[in-house]
Amino acid sequence: MNLRRYSYNAIVLAWLLGWSAAVAAPGDDFKAANQLYDAGKFGEAVAAYEKVEPKTAHVYYNLGNAWFRQNKLGLAVLYYARARQLAPRDPDILANLKFAQQRLGVDEINTPPRAPQRLLRSVIESRTASEWSAGELVGLWLLALAIGARVYFPRLRTGVLIVAVVGFVGFGLSTFALSYQVIGDHTAPQAMIITGETEARFAPVTDSTVHFRLAEGTQVSIREDRGQWLMVERADGQQGWVKSEAIGRITNF
């Protein structure tokens, strides 16, 4: 009996130690990458940050900084954008993303030309998918609470109505924003031009006529994927075919 208990405890302890090591490892890798960055070894720091799992907003942010210090501004914008997806209201991420885009001269190109589009994007991008999902759940609970209160406390009409309206609006807005994010990320993934000036052509062939050019750091939506060629759309609606190696996807699937 004692032998069995000892064996069981040894197995549990080994599992816990293994789990602790797995949890601690990313932190150690992150610290090592930070040390390389602080030492000015930015290329090595990039390689070290890429090995860190899971990828958090801090990891992506530091990757953006490391690429920025190597004057690879397209890649810097890409990683800042990835960091923003995970921490959309972080002031440092937003400031560095804006600064990098301004350095490349693409901040206006990456902004939708119409005010309703700009407002819609700013609202939806202000929260993560998890936050919108939580808002959806809260709205649903408020609706359920209002229905229950109306049944058991019929005199509380005004209060119940207010709760019902808040729940309905919260649920509707969260559902719309969550659907927009999830469906948009799968049907038209967001990406960045990570090379120098890239030619967007009328057709997915090398000798096709150049339709327009995309500056490094330009954000685009991928409308069609043909392997070596991607149909992309700029914020102003312009569409063209570009080589896939010129693109870095903001969301990886």
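**Aromatic pairs, helix crossings and local backbone features**

In this predicted model, Y49 is buried, its relative accessible area being 1%. This tyrosine takes part in one of the contacts between aromatic rings. A pair of aromatic rings is described by the distance of the centres and the angle of the planes. Six aromatic pairs are found in the structure. In one of them, the ring centres of F30 and Y49 are 6.0 Å apart and the ring planes stand at 55°; this angle falls between the limits of 30 and 60 degrees, so the pair is classed as tilted. F30 belongs to helix α1 (residues 2-38), whereas Y49 belongs to helix α2 (residues 42-51), so the pair ties together parts that are 19 residues apart in sequence.

Another of the aromatic pairs is formed by F176 and Y180, with ring centres 6.1 Å apart and planes at 40°, so that this pair is tilted. Both residues lie in helix α8 (residues 157-187), where a separation of four residues corresponds to about one turn of the helix. F176 is partly exposed, with 43% relative accessibility. Y180 is likewise partly exposed, with a relative accessible area of 46%. A further contact with an aromatic ring involves a charged group: the charged end of R82 sits over the ring of Y79, at 5.0 Å from the ring centre.

Helix α2, which carries Y49, also packs against helix α3. The axes of α2 and α3 come within 9 Å and cross at roughly 160°. Angles over 145 degrees count as roughly antiparallel, and α2 and α3 are therefore roughly antiparallel to each other. The crossing in which α2 passes α3 is left-handed. On the α2 side, the contact is made by F42, V46, Y49 and E50; on the α3 side, by V59, N62, L63, A66, W67 and R69. Y49 thus appears both in the ring pair with F30 and in the contact between α2 and α3.

A second crossing involves helix α3 (residues 57-69) and helix α5 (residues 91-104), whose axes come within 11 Å and cross at roughly 30°. Since angles under 35 degrees count as roughly parallel, α3 and α5 are roughly parallel to each other. Here too the crossing is left-handed, with α3 passing α5. The residues of α3 that make this contact are A57, Y61, N65 and F68, and those of α5 are D92, I93, N96, F99, A100 and R103.

Two backbone features are located in the loops that flank α3. The peptide bond from E53 to P54 is cis, with omega near -5°, and P54 is placed in the loop between α2 and α3. N71, in turn, lies in the loop between α3 and α4 (73-86). The phi angle of N71 is near 65°, a positive value in a residue other than glycine. N71 is exposed, with a relative accessible area of 53%.

Helix α8 also contains Q181. Whereas Y180 is partly exposed, Q181 is buried, with a relative accessible area of 15%; the limit for a buried residue is 20%. When neighbours within four places in sequence are left aside, the contacts of Q181 are with I124, R127, T128, A129 and W132.

Note on methods. Residues are numbered from 1 along each chain as its sequence is written. This is a predicted model: local features need pLDDT of at least 70, side-chain atom pairs count only at pLDDT 80 or more; totals for chains, interfaces and linings use all residues. Side-chain values use heavy atoms; hydrogens and water are left out. Rings of Phe, Tyr and Trp (its six-membered ring) pair if their centres lie within 6.5 Å; planes under 30 degrees apart count as stacked, over 60 as edge-to-face and the rest as tilted. Helices (H or I, at least four residues) and strands (E, at least two) are DSSP runs, numbered from the N terminus. Buried means under 20% relative accessible area, exposed over 50%, partly exposed in between (1.4 Å probe, protein chains only). A charge sits over a ring if NZ of Lys or CZ of Arg is within 6 Å of the ring centre and within 35 degrees of the ring normal. Axes are lines fitted to C-alpha atoms, for helices over the stretch in contact, and angles run from 0 to 180 degrees between N-to-C directions. Angles under 35 degrees count as roughly parallel, over 145 as roughly antiparallel, 65 to 115 as roughly perpendicular and the rest as oblique. A crossing is left-handed if the near helix is turned anticlockwise from the far one by less than a right angle, and right-handed if clockwise. Contact means heavy atoms within 4.5 Å.
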